[in-house]
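User: Please take a close look at one helix and what surrounds it. I work at the bench, so keep it brisk.

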Amino acid sequence: MSDGNVTSRAHAPVGEEGLGGTGRTAKLKIFRGDASGGEEVEYEIPLVEGMVILDAVLYIQAHQANDLAVRWNCKAAHCGSCSAEINGIPRLMCKTRVEEFEGREIHVGPMRAFPVIKDLVSDVSWNYEVSSKITPFTTSQKAPFTMYEEDVERLYEPKKCIECFMCQDVCHVLRTHHKHPEFAGPRFFVRNQWLEMHPMDEADRLGDLKEKNGLGYCNITKCCTEVCPVGIKITDNSIIPLKERVADEYYDPARWLMRKIQGRRNGGRNGS
Ligand code: SF4
Ligand code: SF4
Ligand code: FES
């Protein structure tokens, strides 16, 4: 730092004198193409100390391939825009150091669970459609509310989500089995968990989780948890508690009997 200006080595303009140039180079193989197909193209760049993959990609865009498409915004692991697959694993490009791959090839491609628009940019708009169909926060009329410390703790974790959609990308239900029409995916189980466990919310989303959002497809492989850049324990803290609630509601014999009786009383309108 000097004169109040912060000089970030991690995001220094590559190739500038005195800003951490190592005298070495790095090679990246980057997917170039679109929905109709494409191939990896190799680029070689000057390696700067502390450089992240996004720096390398932006160097290539500035100096070697002006038409290289890449999405980014904050460069600080906050906005979730720069998600890509690095050596086949979803990572934030702005949080992944080039030096981590020393001695290994670096392959960078777009997230594959969504349609590719161009190069490193995938069309993630499907996620916003899923989000728009989740029953929104519905304030309970039973005021005044009591909020216990454990409620606050439980609600804090899901709010850390930066919507990078890397958990969606790695989930085999979407990536391999293409169940997009009937499976909301881990990001939206996290969102549902926040809504369902909020003491001031009175909506019931368990039926949607079971039927429309395909919670039953999840077989708790934990791949989503492994890639979450903000450390949300997606399976343990969101998916498993939701599965338990759905099981209690729909597979508990006593509750099943109650619904049956209530259904008969309502002339079968609500019966299962
Ligand atoms: S734990 Fe469930 S939601 Fe997460 S990646 Fe595995 S199958 Fe998908
Ligand atoms: S839960 Fe984690 S991996 Fe999934 S979208 Fe949110 S921040 Fe990304
Ligand atoms: S640019 Fe915002 S998370 Fe990477």
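Analyst: What follows starts with helix H6 and moves outward to the ligand shells and two single residues.

This is a predicted model, in which local features need pLDDT of at least 70, side-chain atom pairs count only at pLDDT 80 or more, and totals for chains, interfaces and linings use all residues. Residues are numbered from 1 along each chain as its sequence is written, chains are lettered from A and ligands numbered from 1 in the order in which they are written, and side-chain values use heavy atoms, with hydrogens and water left out.

The setting comes first. The protein chain has 10 helices and seven strands. Helices (H or I, at least four residues) and strands (E, at least two) are DSSP runs, numbered from the N terminus. Buried residues make up 43% of the 272 residues in the chain. Buried means under 20% relative accessible area, exposed over 50%, and partly exposed in between (1.4 Å probe, protein chains only). Contact means heavy atoms within 4.5 Å. Among contacts between residues at least 6 apart in sequence, 62% join residues at least 24 apart.

Now H6 itself. Helix H6 covers residues 186-197. Its 12 residues should span 16 Å at 1.5 Å a residue, and its end C-alpha atoms are 16 Å apart, so the two agree. The expected span is 1.5 Å times one less than the number of residues.

H6 is mostly covered, with 11 of its 12 residues buried. The buried set runs Pro186, Arg187, Phe188, Phe189, Val190, Asn192, Gln193, Trp194, Leu195, Glu196 and Met197. What do they pack against? The partners are helix H2 (125-132), helix H3 (149-156), helix H4 (166-170), helix H7 (206-210), H8 and H9.

H6 also reaches the ligands. Pro186 belongs to the shell around ligand 1. Arg187 belongs to the shell around ligand 2. A residue is near a molecule if one of its heavy atoms lies within 4 Å of it.

Take ligand 1. Its shell also holds Cys171, His172, Cys218, Asn219, Ile220, Thr221, Lys222, Cys223, Cys224, Thr235 and Ile239. Helix H8 (223-227) and helix H9 (234-251) each supply at least two residues of this shell. By class, the ligand 1 shell has seven nonpolar, four polar and one charged residues.

Ligand 2 comes next. Around ligand 2, Arg187 is joined by Cys161, Ile162, Glu163, Cys164, Phe165, Cys167, Cys228, Pro229, Val230, Ile232 and Ile234. This shell has 10 nonpolar, no polar and two charged residues. Ala, Val, Leu, Ile, Met, Phe, Trp, Tyr, Cys and Pro count as nonpolar, Asp, Glu, Lys and Arg as charged, and the others, Gly among them, as polar.

A disulfide is a pair of cysteine sulfur atoms within 2.5 Å. By this rule the count comes to zero.

Now Arg175. Arg175 lies in helix H5 (residues 172-175). It counts as partly exposed because its relative accessibility is 26%. Beyond four places in sequence, Arg175 touches Glu85, Gly88, Arg112, Ala113, Asp169 and Val170. A polar atom of the Arg175 side chain lies 3.1 Å from the backbone oxygen of Asp169. A polar contact is a pair of N or O atoms within 3.5 Å; within protein, one must be able to donate a hydrogen and the other to accept it, and residues adjacent in sequence count only if both atoms are side-chain atoms.

Last, Thr96. Thr96 is found in the loop between strand S4 (89-92) and strand S5 (106-109). At 1% relative accessibility, Thr96 is buried. The backbone oxygen of Leu92 is 2.7 Å from a polar atom of the Thr96 side chain.
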